[in-house]
Amino acid sequence: MTRLASLVRRPWIWSFVAALTVWAATILFTGGASTVGLSQAALTFAAFSILVGIGQMFVITLGPGNIDLCVPATMTLAGTVALKFMNVDNSMILPGLIVAIGIGVAVGIGNYALIKLLQIPPIIATLSMSFIVQSTAIWTNRGLRIKPPEVLAKFTTETTAGIPNVAFVALVLSVLAFILLQKTVYGRWIAAIGQSIRAARMAGIPVDGTRFITYILCAVLAAICGYLLASFSGGAALNMGSEYLLMSIAVVVIGGTAVAGGDSNVPGIWGRRCSCSWSCRCSTPTAPAPEFGSS
Amino acid sequence: MTDEPQRHAVIEVADARVSFGAVKALDGVSVKIMPGECVGLVGHNGAGKSTIVNVINGGLTPHSGTISLSGTAAVRYGIGTARANGVRCVFQELSLCPNLTVIENTRIMHQTLTGWGWRRRAAAIIGAKLDEIFPGHGIDVASPVSHLSIAERQMVEIATAFSHVAQPVRLVILDEPTSSLDASLATQLLAYVRSFVAAGGSVILISHILGEILTTSDRIIVMKDGRVVAERPATEFDEHSLVAAMGSVVKGRDIAKTIKPTHGLQPLLTAAERRGKGLSFQAFSGEIIGLAGLGGHGQTDMLVDLYLSHTSNWMNGRAPRVTFVAGDRALNGVFPLWSILKNLSIAHLSGLSRRGGLLDDTGEAALGQSWKDRIEIRTPDVDNPILSLSGGNQQKVLFARALATPAPAVLMDDPMRGVDIGTKQEVYAILRDEAHKGRTFVWYSTEMDEVCLCDRVYVFNNGAIVAELKGEDVTEKNILAASFMGAAA
């Protein structure tokens, strides 16, 4: 009984309750006809949002005003460049991932350089950075649509034991993020900075260094997400990230992370994202095929 | 001149008592201000000067005691009554609206400036008064206050208070009016105060510059610990007797001070002269160094600068060189969302992380428990939220946070505010003990007793160090004398 009580007090539990409710309602309406397909499609799309959501959560935890609006552009650029670099060659899959991560690191450095050197608020700095990154993506892409290497495309679209592979990737990264936040010095530092940047500085926390790493982390996760999403949908599209900006913020906030900073929540992202996916699926129950692949 | 029977006091406060919690801010104070006199009000920080000023200007209702205006007892005395009876106040912290012009600020203070052409009338009133008090001031009354310098703002505020609009001005309270004015402007103001008094007005002058008080006032009231301890005509005081009247009796100390020979040693911390004047700062291993002087004269800035210059904003080494105990808990101390334990361990996380970067939960819990016992943090469980503690206990957590680190130097920004006397004694003992082991403490305190515990004291005035006292020279009398010395020079 006390265990149930302590569970109820956790903010993330409610996003899971909501997710299960919507899922059950959907099954009820469709008469159980597409239970498996629905759940798989929902989990796949949930996985992509979770990847960007984790990065956004780290940034939002840094406190009021901290946000990364460069997420969609980073996804697009990382997806475009990585696919172009791999050039449908199965042996280039790992180097391609490294290229994507490198783009994430570069974007993160650029973001924090704007914030710190030019003293621009993060919301404007990352937005300006996103124009630069998006323009670069347009310039490299030039309307070409390069297919992903076959093995990578298969990996991102297939399931293992009934669960989409990308969901496993998201799960592994979530567990890592959870450990990072709850069990490491870095996690304590970002939560401290989010509560009071001045108190954090006076407690000996290297505030600039920590924020710098956090913006890089967010951009890298967005880049990985772009890499996987481009492979999943059969090629990078210039607008492929646009859906994920608001989503990355929404899953964080509704999942129970304090918008004012200092308090974050990994499990909540999952619950929130899944409940959102169920309901999206519910409105188009006959379209289990991913939209991105069909265009 | 006060013995003419037909003349009533402008305001008379009798036996006023005000307490904030357990602190008695006013403990039976009686003050009587006659027309045509300037009363000087002096006392150390926390003596109750601001409290009695707030009672007189109606901002604070005393818990007991009476207030009478022109000989008749006021029933419901408040800010409105005070203003209607011509009581004006110039505050130490400037109270103008920076986004409005001088004219518009005049209108805010003088509600009766209404109807067509109020701007023109207000401009005429404030302009004339500025010319009268500060001839050749050069202030454009149509410019926003944010465009003015601090001194110009203070001048506008003073002129606004002295302006006669609807009610005659009978009593003006000047709280540290010259703190942001230079010598020539201060002379102009004090000359105006004398002419205002000669014309039958009354002034209460609060200043830490004793020379001003002595030359300008007719009568001087000395306050200490919420009481009036001396009240005599200004001619019967000199600087020495004023300082003596302000100080409290130095209590006997049971700890003998050790003056360590520091000659030839490498200092642990150093700082150059502040703003290019005064003395430079040095701290050696194992010393307890006090930063004294009146509140807000640059002690906190000095500590923060020392801290920031010895720590990095980008990287964190495993062994911090300095650590900081915040006095302003809400601003730079407490992490409000966290438990007591997390608040305590945050500065020492590098010592609690195991290989692979993961935190050692058991080690953290042990650290919390040992400090909870050592300085008696009053909580059943250190996992409770920090905000569940009283202010004094939160302060203990911040103390433990700093002492838990291995840093050789501890900077303390008036850390004993709201800490009860028992705990204070324990903390003093811990400080002595740690200093004996070689730790250095730099301690800013507004409490004279605490400053007197230090081995060596730097006295601040106007942002600079004006004096250094060592060992047996660290006495209340010497510190007070040094605090005022720089201001008079």
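**Chain A, a surface patch and a buried arginine**

The accessible surface of chain A amounts to about 12400 Å², and 73% of that area belongs to carbon and sulfur atoms. The model is predicted.

Colleague: How many helices and strands does chain A have?

Modeller: Chain A has 295 residues, of which 53% count as buried. Its secondary structure consists of 14 helices and 2 strands.

Colleague: Among contacts in chain A between residues at least 6 apart in sequence, what percentage join residues at least 24 apart?

Modeller: One C-alpha pair in chain A is that of Leu152(A) and Ile93(A), which lie 59 residues apart along the chain and are separated by 7.0 Å. Among contacts between residues at least 6 apart in sequence, the share that joins residues at least 24 apart is 79%.

Colleague: Is Leu152(A) buried or exposed?

Modeller: Leu152(A) is placed in helix H7 of chain A, residues 150-157. Leaving aside residues up to four places away in sequence, Leu152(A) touches Met86(A), Ile93(A), Tyr227(A) and Ser231(A). The cut-off for burial is a relative accessible area under 20%. Because its relative accessibility is 5%, Leu152(A) counts as buried.

Colleague: Which helix gives the most to the nonpolar patch?

Modeller: The patch on the surface is formed by Ile163(A), Phe168(A), Leu171(A), Val175(A), Phe178(A), Ile179(A) and Leu358(B), with about 520 Å² of accessible area together. With 5 residues, the element that gives the most to this patch is helix H8 of chain A, residues 165-183.

Colleague: Why does Val175(A) count as partly exposed?

Modeller: Val175(A) has its place in helix H8 of chain A and is one of the residues of the nonpolar patch. Partly exposed covers the range between under 20% and over 50% relative accessible area. Val175(A) is therefore partly exposed, since its relative accessible area is 43%.

Colleague: Which side chain of opposite charge is nearest to Arg401(B)?

Modeller: Arg401(B) lies in helix H14 of chain B, residues 391-404. Arg401(B) is buried yet has no salt bridge. A salt bridge would need a carboxyl oxygen within 4 Å. At 11 Å, the nearest side chain of opposite charge is that of Glu364(B).

Colleague: Which backbone oxygen does the side chain of Arg401(B) reach?

Modeller: Not counting residues up to four places away in sequence, Arg401(B) touches Ala203(A), and in chain B its contacts include Val334(B), Phe335(B), Asn343(B) and Leu344(B). Gly333(B) is also among the residues touched. At 3.0 Å, the side chain of Arg401(B) reaches the backbone oxygen of Gly333(B).

Definitions and conventions: Residues numbered from 1 in each chain as written. Chains lettered and ligands numbered in written order. Predicted model: local features only at pLDDT ≥ 70, side-chain atom pairs only at ≥ 80, totals over all residues. Heavy atoms only, no water. Helix = DSSP H or I, 4+ residues; strand = E, 2+ residues; numbered from the N terminus. Buried < 20%, exposed > 50% of the residue type's maximum accessible area, 1.4 Å probe, protein only. Lys, Arg positive; Asp, Glu negative; His and termini not counted. Polar contact = N/O pair within 3.5 Å; in protein donor to acceptor, adjacent residues only side chain to side chain. Contact = heavy atoms within 4.5 Å. Patch = residues over 30% accessible without salt bridge, like charges linked within 9 Å, V, L, I, M, F, W, Y side chains within 5 Å. Areas by Shrake-Rupley, 256 points an atom, 1.4 Å probe, with all protein chains shown as cover.
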